[in-house]
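Let's take a walk through this protein together, starting with an opening in it and working outwards to the whole fold. Keep the 3D view at hand as you read.

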Amino acid sequence: MRLINNPHRGGQKLIPSAPYPSTNAARVSDLLSRCPAAEQTPLVEAEGLAPVARLWVKDERHRMNLGSFKALGAAYVIARHAADKTDAPDATTLNGTTYVTASAGNHGMSVAAGAKIFGANAVVYIAETVPESFAERLRAQDAHVVRSGHDYAASMDAASAAARDNGWVLLSDSSWEGYVELPHTLMEGYLQMASEAVDQCSETPTHILLQAGVGGLAGAVAAYARTAWGDAPDIIVVEPEVAPALQASIEAGKCVFADGPDSIMGRLDCKEPSLIALNGLARDADRFLTLTDGEVTDQLGAMAKAGLETTASGGAGIAAVLNRDIRAALGINAGSRVLCFLSEIAE
(Lines give C-alpha, C1' and ligand atoms only; values in the text may rest on other atoms or scores of the structure.)
Protein backbone atom coordinates (compact mmCIF):
# COMPACT_ATOMS: atom_id res chain seq x y z
CA MET A 1 0.00 0.00 0.00
CA ARG A 2 1.15 3.49 -0.85
CA LEU A 3 -1.11 6.49 -0.30
CA ILE A 4 -0.57 10.09 -1.40
CA ASN A 5 -2.65 13.24 -1.14
CA ASN A 6 -3.45 15.11 -4.35
CA PRO A 7 -1.68 18.50 -4.38
CA HIS A 8 -3.58 19.58 -7.52
CA ARG A 9 -7.11 19.11 -6.11
CA GLY A 10 -9.43 21.78 -7.47
CA GLY A 11 -6.66 23.41 -9.49
CA GLN A 12 -5.85 23.90 -13.14
CA LYS A 13 -5.45 21.28 -15.85
CA LEU A 14 -2.24 19.29 -15.84
CA ILE A 15 -2.57 18.78 -19.61
CA PRO A 16 -3.77 22.03 -21.26
CA SER A 17 -4.27 20.36 -24.66
CA ALA A 18 -6.76 17.80 -23.32
CA PRO A 19 -10.30 18.44 -22.05
CA TYR A 20 -11.81 17.61 -18.70
CA PRO A 21 -14.21 14.64 -18.63
CA SER A 22 -17.80 15.31 -19.66
CA THR A 23 -20.49 15.55 -16.98
CA ASN A 24 -23.44 15.56 -19.43
CA ALA A 25 -25.20 12.46 -18.11
CA ALA A 26 -28.51 13.53 -19.66
CA ARG A 27 -27.02 13.16 -23.16
CA VAL A 28 -26.06 9.59 -22.32
CA SER A 29 -29.36 8.56 -20.74
CA ASP A 30 -31.31 10.04 -23.65
CA LEU A 31 -29.46 7.85 -26.13
CA LEU A 32 -29.44 4.73 -23.96
CA SER A 33 -33.18 5.02 -23.37
CA ARG A 34 -33.61 3.87 -27.00
CA CYS A 35 -31.73 0.62 -26.30
CA PRO A 36 -33.78 -2.28 -24.86
CA ALA A 37 -30.67 -3.87 -23.29
CA ALA A 38 -29.64 -0.70 -21.44
CA GLU A 39 -31.24 -1.50 -18.11
CA GLN A 40 -30.10 0.01 -14.84
CA THR A 41 -27.62 -2.08 -12.84
CA PRO A 42 -28.17 -2.63 -9.10
CA LEU A 43 -26.59 -0.84 -6.17
CA VAL A 44 -25.93 -3.60 -3.63
CA GLU A 45 -25.76 -2.87 0.09
CA ALA A 46 -23.04 -5.25 1.30
CA GLU A 47 -24.07 -5.42 4.93
CA GLY A 48 -21.53 -6.98 7.25
CA LEU A 49 -18.75 -7.21 4.68
CA ALA A 50 -16.80 -4.36 6.33
CA PRO A 51 -17.25 -2.56 9.68
CA VAL A 52 -18.77 0.59 8.20
CA ALA A 53 -22.20 2.22 8.38
CA ARG A 54 -22.86 1.64 4.68
CA LEU A 55 -20.96 -0.22 1.99
CA TRP A 56 -22.63 0.40 -1.36
CA VAL A 57 -21.41 -1.59 -4.36
CA LYS A 58 -22.49 -0.53 -7.84
CA ASP A 59 -22.62 -3.90 -9.59
CA GLU A 60 -21.64 -3.58 -13.28
CA ARG A 61 -21.13 -7.29 -13.94
CA HIS A 62 -24.18 -7.62 -16.17
CA ARG A 63 -24.26 -4.22 -17.85
CA MET A 64 -25.98 -4.71 -21.23
CA ASN A 65 -25.15 -8.44 -21.01
CA LEU A 66 -21.49 -7.77 -21.83
CA GLY A 67 -19.95 -8.45 -18.44
CA SER A 68 -18.54 -5.07 -17.46
CA PHE A 69 -18.97 -1.31 -17.24
CA LYS A 70 -17.12 -0.96 -20.55
CA ALA A 71 -20.36 -1.82 -22.33
CA LEU A 72 -21.11 1.87 -21.75
CA GLY A 73 -17.93 3.05 -23.49
CA ALA A 74 -17.07 2.08 -27.05
CA ALA A 75 -20.59 0.86 -27.82
CA TYR A 76 -21.88 4.26 -26.73
CA VAL A 77 -19.49 6.02 -29.13
CA ILE A 78 -20.66 3.82 -32.00
CA ALA A 79 -24.31 4.37 -31.07
CA ARG A 80 -23.63 8.11 -30.99
CA HIS A 81 -22.18 7.93 -34.50
CA ALA A 82 -25.24 6.01 -35.70
CA ALA A 83 -27.64 8.48 -34.06
CA ASP A 84 -25.78 11.43 -35.58
CA LYS A 85 -26.21 9.85 -39.01
CA THR A 86 -29.96 9.19 -38.80
CA ASP A 87 -32.85 9.62 -36.37
CA ALA A 88 -33.69 5.92 -36.67
CA PRO A 89 -30.45 3.92 -36.75
CA ASP A 90 -30.65 0.21 -37.46
CA ALA A 91 -28.44 -2.75 -38.29
CA THR A 92 -27.35 -1.18 -41.58
CA THR A 93 -26.70 2.42 -40.50
CA LEU A 94 -22.91 2.14 -40.32
CA ASN A 95 -22.37 -0.29 -43.18
CA GLY A 96 -18.91 0.29 -44.65
CA THR A 97 -17.44 1.73 -41.45
CA THR A 98 -14.70 -0.22 -39.68
CA TYR A 99 -13.72 0.39 -36.07
CA VAL A 100 -10.33 -0.88 -34.95
CA THR A 101 -8.87 -1.10 -31.48
CA ALA A 102 -6.51 -3.00 -29.23
CA SER A 103 -7.79 -4.76 -26.16
CA ALA A 104 -6.79 -7.07 -23.37
CA GLY A 105 -10.36 -7.49 -22.19
CA ASN A 106 -13.71 -5.79 -21.99
CA HIS A 107 -13.11 -2.75 -24.21
CA GLY A 108 -12.80 -4.96 -27.26
CA MET A 109 -16.13 -6.59 -26.47
CA SER A 110 -17.78 -3.18 -26.35
CA VAL A 111 -16.33 -2.21 -29.74
CA ALA A 112 -17.41 -5.53 -31.26
CA ALA A 113 -20.93 -5.41 -29.83
CA GLY A 114 -21.51 -1.80 -30.85
CA ALA A 115 -20.28 -2.43 -34.38
CA LYS A 116 -22.46 -5.51 -34.73
CA ILE A 117 -25.62 -3.66 -33.66
CA PHE A 118 -25.24 -0.94 -36.29
CA GLY A 119 -23.76 -2.89 -39.18
CA ALA A 120 -20.16 -1.71 -38.87
CA ASN A 121 -17.07 -3.91 -38.93
CA ALA A 122 -14.87 -4.42 -35.86
CA VAL A 123 -11.19 -5.35 -35.91
CA VAL A 124 -9.64 -6.05 -32.51
CA TYR A 125 -5.89 -6.45 -32.05
CA ILE A 126 -4.85 -8.58 -29.10
CA ALA A 127 -1.42 -9.48 -27.77
CA GLU A 128 -0.02 -12.98 -28.00
CA THR A 129 -0.53 -13.40 -24.25
CA VAL A 130 -4.32 -12.83 -24.34
CA PRO A 131 -6.23 -16.10 -23.77
CA GLU A 132 -7.85 -17.71 -26.80
CA SER A 133 -11.12 -17.83 -24.85
CA PHE A 134 -11.28 -14.05 -25.09
CA ALA A 135 -10.57 -14.16 -28.81
CA GLU A 136 -13.51 -16.57 -29.19
CA ARG A 137 -15.80 -14.19 -27.28
CA LEU A 138 -14.83 -11.43 -29.70
CA ARG A 139 -15.46 -13.63 -32.73
CA ALA A 140 -18.89 -14.48 -31.34
CA GLN A 141 -19.65 -10.76 -31.71
CA ASP A 142 -18.49 -10.97 -35.37
CA ALA A 143 -15.21 -9.15 -34.70
CA HIS A 144 -12.13 -9.90 -36.76
CA VAL A 145 -9.36 -10.74 -34.28
CA VAL A 146 -5.68 -10.10 -35.04
CA ARG A 147 -2.88 -11.20 -32.72
CA SER A 148 0.07 -8.81 -32.69
CA GLY A 149 2.88 -8.18 -30.22
CA HIS A 150 3.80 -9.44 -26.78
CA ASP A 151 1.81 -6.87 -24.78
CA TYR A 152 -1.04 -4.39 -24.98
CA ALA A 153 1.19 -1.50 -26.04
CA ALA A 154 2.44 -3.45 -29.05
CA SER A 155 -1.07 -4.46 -30.08
CA MET A 156 -2.19 -0.81 -29.80
CA ASP A 157 0.68 0.26 -32.05
CA ALA A 158 -0.50 -2.31 -34.60
CA ALA A 159 -4.11 -1.15 -34.34
CA SER A 160 -3.06 2.48 -34.83
CA ALA A 161 -1.03 1.56 -37.90
CA ALA A 162 -3.97 -0.40 -39.34
CA ALA A 163 -6.27 2.58 -38.83
CA ARG A 164 -3.87 4.87 -40.72
CA ASP A 165 -3.22 2.40 -43.51
CA ASN A 166 -6.85 1.44 -44.13
CA GLY A 167 -8.80 4.57 -43.27
CA TRP A 168 -10.46 2.84 -40.32
CA VAL A 169 -11.76 4.55 -37.16
CA LEU A 170 -9.38 4.02 -34.24
CA LEU A 171 -11.48 3.66 -31.10
CA SER A 172 -9.31 3.50 -27.98
CA ASP A 173 -10.45 3.80 -24.39
CA SER A 174 -7.40 5.95 -23.62
CA SER A 175 -6.39 9.41 -24.85
CA TRP A 176 -3.07 10.95 -25.78
CA GLU A 177 -1.73 14.07 -27.51
CA GLY A 178 -3.76 14.61 -30.66
CA TYR A 179 -6.28 11.87 -29.84
CA VAL A 180 -8.97 13.09 -27.45
CA GLU A 181 -12.32 13.47 -29.26
CA LEU A 182 -13.48 9.84 -29.33
CA PRO A 183 -12.11 8.96 -25.86
CA HIS A 184 -13.95 12.00 -24.48
CA THR A 185 -17.22 10.66 -25.87
CA LEU A 186 -16.35 7.15 -24.68
CA MET A 187 -15.80 8.36 -21.11
CA GLU A 188 -19.08 10.25 -21.33
CA GLY A 189 -20.84 6.89 -21.69
CA TYR A 190 -19.55 5.88 -18.26
CA LEU A 191 -21.63 8.70 -16.74
CA GLN A 192 -24.66 6.42 -16.92
CA MET A 193 -23.41 4.25 -14.06
CA ALA A 194 -22.34 7.33 -12.11
CA SER A 195 -25.74 9.00 -12.43
CA GLU A 196 -27.51 5.75 -11.51
CA ALA A 197 -25.32 5.41 -8.40
CA VAL A 198 -26.09 8.98 -7.34
CA ASP A 199 -29.82 8.30 -7.65
CA GLN A 200 -29.55 4.95 -5.86
CA CYS A 201 -27.51 6.11 -2.84
CA SER A 202 -29.86 7.10 -0.03
CA GLU A 203 -27.24 9.38 1.51
CA THR A 204 -24.11 11.17 0.34
CA PRO A 205 -21.10 8.86 0.61
CA THR A 206 -18.24 9.87 2.87
CA HIS A 207 -15.77 7.90 0.70
CA ILE A 208 -15.75 6.77 -2.94
CA LEU A 209 -13.11 4.27 -4.07
CA LEU A 210 -12.46 4.01 -7.80
CA GLN A 211 -10.09 1.48 -9.33
CA ALA A 212 -8.14 2.74 -12.34
CA GLY A 213 -6.11 1.56 -15.28
CA VAL A 214 -5.84 4.42 -17.76
CA GLY A 215 -8.45 6.14 -15.58
CA GLY A 216 -11.60 6.26 -17.69
CA LEU A 217 -14.01 4.89 -15.09
CA ALA A 218 -12.41 6.82 -12.26
CA GLY A 219 -12.26 10.10 -14.17
CA ALA A 220 -15.87 9.96 -15.33
CA VAL A 221 -17.33 8.90 -11.99
CA ALA A 222 -15.27 11.41 -10.00
CA ALA A 223 -16.31 14.28 -12.28
CA TYR A 224 -19.99 13.43 -11.97
CA ALA A 225 -19.77 12.80 -8.22
CA ARG A 226 -18.43 16.32 -7.74
CA THR A 227 -21.36 17.79 -9.69
CA ALA A 228 -23.83 15.82 -7.55
CA TRP A 229 -22.22 15.84 -4.12
CA GLY A 230 -19.69 18.65 -4.23
CA ASP A 231 -16.65 18.33 -1.99
CA ALA A 232 -18.37 16.05 0.53
CA PRO A 233 -17.03 12.64 -0.54
CA ASP A 234 -13.37 11.73 -0.13
CA ILE A 235 -12.56 10.32 -3.58
CA ILE A 236 -9.72 7.78 -3.63
CA VAL A 237 -8.22 6.34 -6.83
CA VAL A 238 -6.93 2.75 -6.52
CA GLU A 239 -4.17 1.32 -8.78
CA PRO A 240 -1.83 -1.68 -8.81
CA GLU A 241 1.46 -1.03 -7.01
CA VAL A 242 3.39 -2.09 -10.13
CA ALA A 243 1.42 0.20 -12.46
CA PRO A 244 0.87 3.50 -10.62
CA ALA A 245 0.44 5.57 -13.78
CA LEU A 246 -1.98 8.07 -12.27
CA GLN A 247 -0.30 8.30 -8.88
CA ALA A 248 3.11 8.84 -10.51
CA SER A 249 1.69 11.45 -12.89
CA ILE A 250 0.02 13.32 -10.04
CA GLU A 251 3.30 13.37 -8.14
CA ALA A 252 5.20 14.55 -11.22
CA GLY A 253 2.58 17.12 -12.19
CA LYS A 254 2.56 15.77 -15.73
CA CYS A 255 1.79 12.58 -17.65
CA VAL A 256 4.50 9.99 -17.01
CA PHE A 257 5.08 6.37 -18.00
CA ALA A 258 5.15 4.03 -15.00
CA ASP A 259 6.85 0.87 -16.16
CA GLY A 260 6.99 -2.26 -14.04
CA PRO A 261 6.26 -6.00 -13.91
CA ASP A 262 2.85 -7.48 -14.66
CA SER A 263 0.08 -7.36 -12.05
CA ILE A 264 -2.68 -9.86 -11.35
CA MET A 265 -4.93 -6.82 -11.78
CA GLY A 266 -4.52 -7.17 -15.53
CA ARG A 267 -7.26 -4.74 -16.58
CA LEU A 268 -5.69 -2.08 -14.34
CA ASP A 269 -2.12 -2.86 -15.34
CA CYS A 270 -1.73 0.22 -17.54
CA LYS A 271 1.56 2.05 -17.61
CA GLU A 272 0.36 5.40 -18.97
CA PRO A 273 -2.82 7.32 -18.08
CA SER A 274 -5.46 8.78 -20.33
CA LEU A 275 -4.84 12.54 -20.60
CA ILE A 276 -8.54 13.32 -20.18
CA ALA A 277 -8.78 11.15 -17.06
CA LEU A 278 -5.59 12.66 -15.66
CA ASN A 279 -6.99 16.17 -16.02
CA GLY A 280 -10.22 15.19 -14.33
CA LEU A 281 -8.68 13.25 -11.47
CA ALA A 282 -6.09 15.95 -10.78
CA ARG A 283 -9.05 18.28 -10.25
CA ASP A 284 -11.51 15.89 -8.56
CA ALA A 285 -9.71 13.11 -6.65
CA ASP A 286 -8.48 13.62 -3.11
CA ARG A 287 -6.02 10.76 -2.78
CA PHE A 288 -4.25 8.08 -4.82
CA LEU A 289 -3.71 4.60 -3.39
CA THR A 290 -1.70 1.69 -4.76
CA LEU A 291 -2.24 -1.94 -3.71
CA THR A 292 -0.10 -5.04 -4.00
CA ASP A 293 -1.49 -8.08 -5.74
CA GLY A 294 -1.73 -9.83 -2.38
CA GLU A 295 -3.71 -7.02 -0.77
CA VAL A 296 -6.37 -7.55 -3.42
CA THR A 297 -6.37 -11.34 -3.82
CA ASP A 298 -6.60 -11.78 -0.04
CA GLN A 299 -10.10 -10.28 -0.16
CA LEU A 300 -11.57 -11.98 -3.25
CA GLY A 301 -12.83 -14.99 -1.29
CA ALA A 302 -14.80 -12.86 1.16
CA MET A 303 -16.25 -10.88 -1.71
CA ALA A 304 -17.34 -14.06 -3.50
CA LYS A 305 -19.03 -15.39 -0.34
CA ALA A 306 -20.97 -12.13 -0.18
CA GLY A 307 -22.21 -12.62 -3.74
CA LEU A 308 -19.71 -10.16 -5.21
CA GLU A 309 -17.49 -12.56 -7.14
CA THR A 310 -15.18 -10.76 -9.56
CA THR A 311 -11.58 -10.49 -10.72
CA ALA A 312 -8.74 -8.72 -8.94
CA SER A 313 -9.25 -5.83 -11.37
CA GLY A 314 -13.00 -5.66 -10.88
CA GLY A 315 -12.84 -5.69 -7.10
CA ALA A 316 -9.74 -3.64 -6.27
CA GLY A 317 -11.69 -0.76 -4.76
CA ILE A 318 -13.76 -3.08 -2.58
CA ALA A 319 -10.65 -4.98 -1.52
CA ALA A 320 -9.16 -1.76 -0.17
CA VAL A 321 -12.20 -1.24 2.07
CA LEU A 322 -11.96 -4.78 3.44
CA ASN A 323 -8.35 -4.31 4.56
CA ARG A 324 -8.15 -3.07 8.16
CA ASP A 325 -4.87 -1.21 7.76
CA ILE A 326 -6.03 0.51 4.60
CA ARG A 327 -9.31 1.53 6.23
CA ALA A 328 -7.32 3.12 9.03
CA ALA A 329 -5.06 4.95 6.58
CA LEU A 330 -8.10 6.28 4.70
CA GLY A 331 -9.99 7.28 7.83
CA ILE A 332 -12.80 4.83 7.09
CA ASN A 333 -14.55 3.88 10.33
CA ALA A 334 -17.82 2.60 11.75
CA GLY A 335 -19.63 5.77 10.75
CA SER A 336 -18.42 5.84 7.14
CA ARG A 337 -20.64 5.49 4.10
CA VAL A 338 -18.54 3.98 1.32
CA LEU A 339 -19.33 3.67 -2.40
CA CYS A 340 -17.40 1.22 -4.59
CA PHE A 341 -17.78 -0.10 -8.12
CA LEU A 342 -17.67 -3.80 -9.00
CA SER A 343 -16.59 -3.38 -12.59
CA GLU A 344 -16.55 -6.83 -14.22
CA ILE A 345 -17.58 -10.46 -14.01
CA ALA A 346 -15.29 -13.17 -12.74
CA GLU A 347 -13.30 -14.91 -15.45
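The second largest pocket has a volume of about 260 Å³. Keep in mind, by the way, that you're looking at a predicted model. In all, 14 residues line this pocket, and those nearest its centre are Leu 31, Cys 35, Ala 79, Ile 117 and Phe 118. If you'd rather find the place by its helices, look for α1 (25–32), α2 (74–85) and α3 (106–118), the elements that each give two or more residues to the lining. What sort of residues make up that lining? It divides into 12 nonpolar, one polar and one charged.

Leu 31 is a good one to zoom in on. You'll find Leu 31 in helix α1. Is Leu 31 buried or exposed? Its relative accessible area is 8%, and since anything under 20% counts as buried, Leu 31 is therefore buried. Setting aside neighbours within four places in sequence, Leu 31 is in contact with Tyr 76, Ala 79, Arg 80 and Ala 83. Take Arg 80 from that list: Leu 31 and Arg 80 sit 49 residues apart in sequence, yet their C-alpha atoms are 7.6 Å apart in space.

Now swing over to helix α7, which covers residues 191–200. This helix is mostly covered, with eight of its 10 residues buried. The buried ones are Leu 191, Gln 192, Met 193, Ala 194, Ser 195, Glu 196, Ala 197 and Val 198. What do they pack against? The partners are α1, which you've just met, along with β3 (54–59), α6 (181–189), α8 (216–229) and β11 (337–342).

Some of those elements turn up again around an enclosed space. The structure holds one cavity of 30 Å³ or more, and about 40 Å³ of space lies in the largest cavity. Its lining includes Ala 194, Ala 197 and Val 198, which were also among the buried residues of α7. The other lining residues are Ile 208, Val 221, Tyr 224, Ala 225, Trp 229, Leu 339 and Phe 341. Helices α7 and α8 and strand β11 each supply at least two residues of the lining, and α8 has the largest share, with four. How does this lining divide by type? There are 10 nonpolar residues, no polar and no charged.

Leu 339 also has a part in the largest nonpolar core. That core has 88 residues, and the ones touching the most other members are Leu 138, Leu 171, Leu 210 and Leu 339. Helix α8 gives the most to this core, namely eight residues. For a closer look, pick Leu 138: leaving out residues up to four places away in sequence, Leu 138 touches Gly 108, Met 109, Ala 112, Val 124, Ile 126, Ala 143 and Val 145. Apart from this core lies another one, of 29 residues, including Ala 50, Met 265, Ile 326 and Leu 330.

Finally, zoom out. The protein has 13 helices and 11 strands, and its C-alpha trace spans about 55 × 40 × 40 Å along the principal axes. A compact globule of 347 residues would have a radius of gyration near 20 Å, so the protein's 19 Å agrees with that. Of the 347 residues, 59% count as buried. And among contacts between residues at least 6 apart in sequence, 72% join residues at least 24 apart. The pair of Leu 31 and Arg 80, 49 residues apart in sequence, gave you one such contact.

Technical notes:
Residues are numbered from 1 along each chain as its sequence is written. This is a predicted model: local features need pLDDT of at least 70, side-chain atom pairs count only at pLDDT 80 or more; totals for chains, interfaces and linings use all residues. Side-chain values use heavy atoms; hydrogens and water are left out. On a 1 Å grid over the protein atoms alone, a cavity is a set of points where a 1.4 Å probe fits but cannot get out, and a pocket is an open set with protein on both sides within 12 Å along at least five of seven lines; lining residues have an atom within 4 Å of a point. Grid points are joined across faces, edges and corners, and a volume is the space filled by probe spheres set on the points. Ala, Val, Leu, Ile, Met, Phe, Trp, Tyr, Cys and Pro count as nonpolar, Asp, Glu, Lys and Arg as charged, and the others, Gly among them, as polar. Buried means under 20% relative accessible area, exposed over 50%, partly exposed in between (1.4 Å probe, protein chains only). Contact means heavy atoms within 4.5 Å. A nonpolar core is a set of buried Ala, Val, Leu, Ile, Met, Phe, Trp, Tyr and Cys residues joined through side-chain atoms within 4.5 Å. The radius of gyration is taken over C-alpha atoms; the globule rule is 2.2 Å times the number of residues to the power 0.38.
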